[in-house]
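This note is addressed to a colleague who is meeting the structure for the first time. The points below may be read alongside the sequence and the model.

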Amino acid sequence: NSNNEITKQSTTIKSLKNEVREKEECVQELQTKISRLERDLSMKRQLIEDLRSRLKANQENEKTSNETLESLERKVKALAEDCSNKKTSIDSLKQRLNVATKEKSQYEQMYHKAKDELEKKDLKLTNLESKMIETECAMTELETTASQQLHGLAKQSGQALETVQKKLLLTNDKVEEFMTFVK
């Protein structure tokens, strides 16, 4: 009985030893798994921390980019308003330019008309000046001929006066002689 019991116990011990060995192997496998999982977990924690830091950095970047975007949108609005104002000023300047070009063409036409009239009047003036010169020449010729004729007439009248004076003296002498004769 005791031998049987010993064999039974030895078999149970062997089986228990086998179980213990299996369980130790299982524990070792589980420990390696746990160590692997702990390594994975620590790596995942590091990854999460990295992702959190990246998320914070990205959020900060997003804030700054949102601020810059808002400022750029404000600048775009201001530039759009400025462009619309400049467009209206350009349109008004174009209208002014059109009016100025029309006035310029009118003034150019008036200038050409005035220039043509001035040329015609210049021609008339030169013609009148040449006629005046001709009339002045004719006047000087008339004056010279008139003065010559007046000199000639003066000489003739002087000669005629001298002859008349001589005749008067003669008649005076004759009158005196007649008077003496009458006395």
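1. Is Asp82 buried, partly exposed or exposed? Asp82 is partly exposed, because its relative accessible area is 32%, which lies between the 20% limit for buried residues and the 50% limit for exposed ones. The model discussed here is a predicted one, and the remarks that follow should be read accordingly.

2. Overall fold. The protein consists of one helix and zero strands. Helix H1 takes in residues 2–182, and Arg21 is among the residues found there. The chain has 183 residues, and 0% of them are buried.

3. Overall dimensions. The C-alpha trace spans about 245 × 30 × 25 Å along its principal axes. The radius of gyration is 73 Å, whereas a compact globule of 183 residues would have a value near 16 Å. The accessible surface amounts to about 17800 Å², and carbon and sulfur atoms account for 58% of that area.

4. Annotated region. An unreviewed UniProt entry carries the annotation "coiled-coil region" for residues 13–145. In the model this span is 100% helix and 0% strand, and the C-alpha atoms at its two ends are 182 Å apart. The annotation comes from the record and may be inferred rather than shown by experiment.

5. Separation along the helix. Arg21 and Cys83 are 62 residues apart along the chain, and 87 Å lies between their C-alpha atoms. Arg21 has a relative accessible area of 46% and is therefore partly exposed.

6. Salt bridges. How many salt bridges does the structure hold? There are two. In one of them, Lys86 pairs with Asp82, with 3.5 Å between the closest N and O atoms. Both residues belong to helix H1 and are four residues apart, which is about one turn of the helix. Lys86 has 47% relative accessibility, so this residue counts as partly exposed; Asp82, as noted in the opening point, is also partly exposed.

7. The pair Glu108 and Lys104. The side chains of Glu108 and Lys104 also form a salt bridge, at 3.9 Å from N to O. That distance falls within the 4 Å cut-off for a salt bridge. Here too the partners lie in helix H1 with a spacing of four residues, about one turn of the helix. Glu108 counts as partly exposed because its relative accessibility is 39%.

8. Nonpolar patch. Which residues make the nonpolar surface patch of about 390 Å²? Phe178, Phe181 and Val182 make this patch. Phe181 is placed in helix H1. With a relative accessible area of 69%, Phe181 is over the 50% limit and is therefore exposed.

9. Cysteines. A disulfide is a covalent bond between the sulfur atoms of two cysteines. The count of disulfides in the model is zero, judged by whether a pair of cysteine sulfur atoms lies within 2.5 Å. Cys26 has a relative accessible area of 38% and is therefore partly exposed. Cys137, at 40% relative accessibility, likewise counts as partly exposed.

10. Summary. The predicted model shows one helix and zero strands, with two salt bridges and zero disulfides. Buried residues make up 0% of the protein, and the residues Phe178, Phe181 and Val182 supply a nonpolar surface patch.

Note on methods
Residues numbered from 1 in each chain as written. Predicted model: local features only at pLDDT ≥ 70, side-chain atom pairs only at ≥ 80, totals over all residues. Heavy atoms only, no water. Buried < 20%, exposed > 50% of the residue type's maximum accessible area, 1.4 Å probe, protein only. Patch = residues over 30% accessible without salt bridge, like charges linked within 9 Å, V, L, I, M, F, W, Y side chains within 5 Å. Areas by Shrake-Rupley, 256 points an atom, 1.4 Å probe, with all protein chains shown as cover. Rg over C-alpha atoms; globule rule 2.2 N^0.38 Å.
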